[in-house]
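Subject: A structure for you to look at

Dear colleague,

I am passing on a structure that I would like you to look through before we next talk. Please open it first, and then read the notes that follow it.

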Amino acid sequence: MKLLIDFFPIILFFVAFKVWGIYAATGVAIVATIAQIAYLRIKTGKIEPMQWVSLGVIVLFGGATLLAHNEDFIKWKPTVLYWLMGAALLFGQLIFKKNLLRSVMGAQLQLPDAVWLKLNWAWTAFFAGMGALNLWVAFNFDTDAWVNFKLFGGMGLMVAFVIAQAIYMSRYLPQDSSQNNGEAKDKQP
């Protein structure tokens with residue numbers, strides 16, 4: 001359900017673009033993001049910092065798109081979000097000596113410090129690359145191709161990267177002792 005809520009504005013943006021065009025889709029994305037924040041505030045009582053940042057970026061770049069009637073602004077929005085997330089991970093590690101990825105996920109996963117550091121650098125590079133890739137698609141292809149990439153390409157690359165990270169992390173996760181005991185019993189003559 002959380003994944004659906006997270007992608008709610010992107011999906012509505014895509015549908016609105018296909019039906020009404022980029023400017024209506026931009027307005028829909030702004031309203032959908034505001035609705036998303038309101039829903040999360042009512043449902044959970046708290047909003048994550050990156051959700052506030054996302055709201056600010058969509059209102060700023062979406063608003064500029066609508067006011068200037070220039071779709072280039074909205075095309076920059078994913079890049080700005082990716083680069084802000086990457087910069088947060090980078091500066092957290094280099095300046096504040098804090099692994100923000102570990103801060104967010106450390107309660108759910110017990111991993112060695114070196115693994116957390118590699119994951120942090122991998123996500124930093126991923127966000128930097130995704131931001132650059134978004135700009136390349138946005139300004140080398142038509143708007144329809146960019147919107148398709150934003151939904152399918154961006155989401156597909158994110159899913160592939162998350163799966164790769166899960167495979168990498170699985171080597172360092174503790175094994176379930178009950179499963180190991182069952183395997184040991186199966187191996188006895």
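Accessible areas here come from the Shrake-Rupley method with a 1.4 Å probe. On that basis the accessible surface of the protein comes to about 11200 Å², and 70% of that surface belongs to carbon and sulfur atoms. Please keep in mind that this is a predicted model.

As for the overall build, the protein has 8 helices and 0 strands, and its C-alpha trace spans about 75 × 40 × 40 Å along the principal axes. Of the 189 residues in the protein, 36% are buried. When contacts between residues at least 6 apart in sequence are considered, 65% of them join residues at least 24 apart.

Turning to the interior, the largest nonpolar core has 21 residues, and those with the most contacts inside it are Phe13, Ile22, Ile58, Ile74, Trp146 and Val147. At least two residues of this core are supplied by each of α1 (2-20), α2 (22-44), α3 (49-68), α6 (113-140) and α7 (143-170), while the largest share, 6 residues, comes from α2. If its neighbours within four places in sequence are left aside, Val147 is in contact with Phe13, Phe14, Phe17 and Ile22. Another core, of 15 residues, lies apart from the largest one, and among its members are Tyr82, Leu111, Trp116 and Phe126.

Finally, on the charges, the mean positions of the 15 positive and 10 negative charges of the protein are 7 Å apart.

With best wishes

Definitions and conventions. Residues numbered from 1 in each chain as written. Predicted model: local features only at pLDDT ≥ 70, side-chain atom pairs only at ≥ 80, totals over all residues. Heavy atoms only, no water. Helix = DSSP H or I, 4+ residues; strand = E, 2+ residues; numbered from the N terminus. Buried < 20%, exposed > 50% of the residue type's maximum accessible area, 1.4 Å probe, protein only. Contact = heavy atoms within 4.5 Å. Lys, Arg positive; Asp, Glu negative; His and termini not counted. Charge placed at Lys NZ, Arg CZ, Asp CG, Glu CD. Core = buried A, V, L, I, M, F, W, Y, C linked by side-chain atoms within 4.5 Å.
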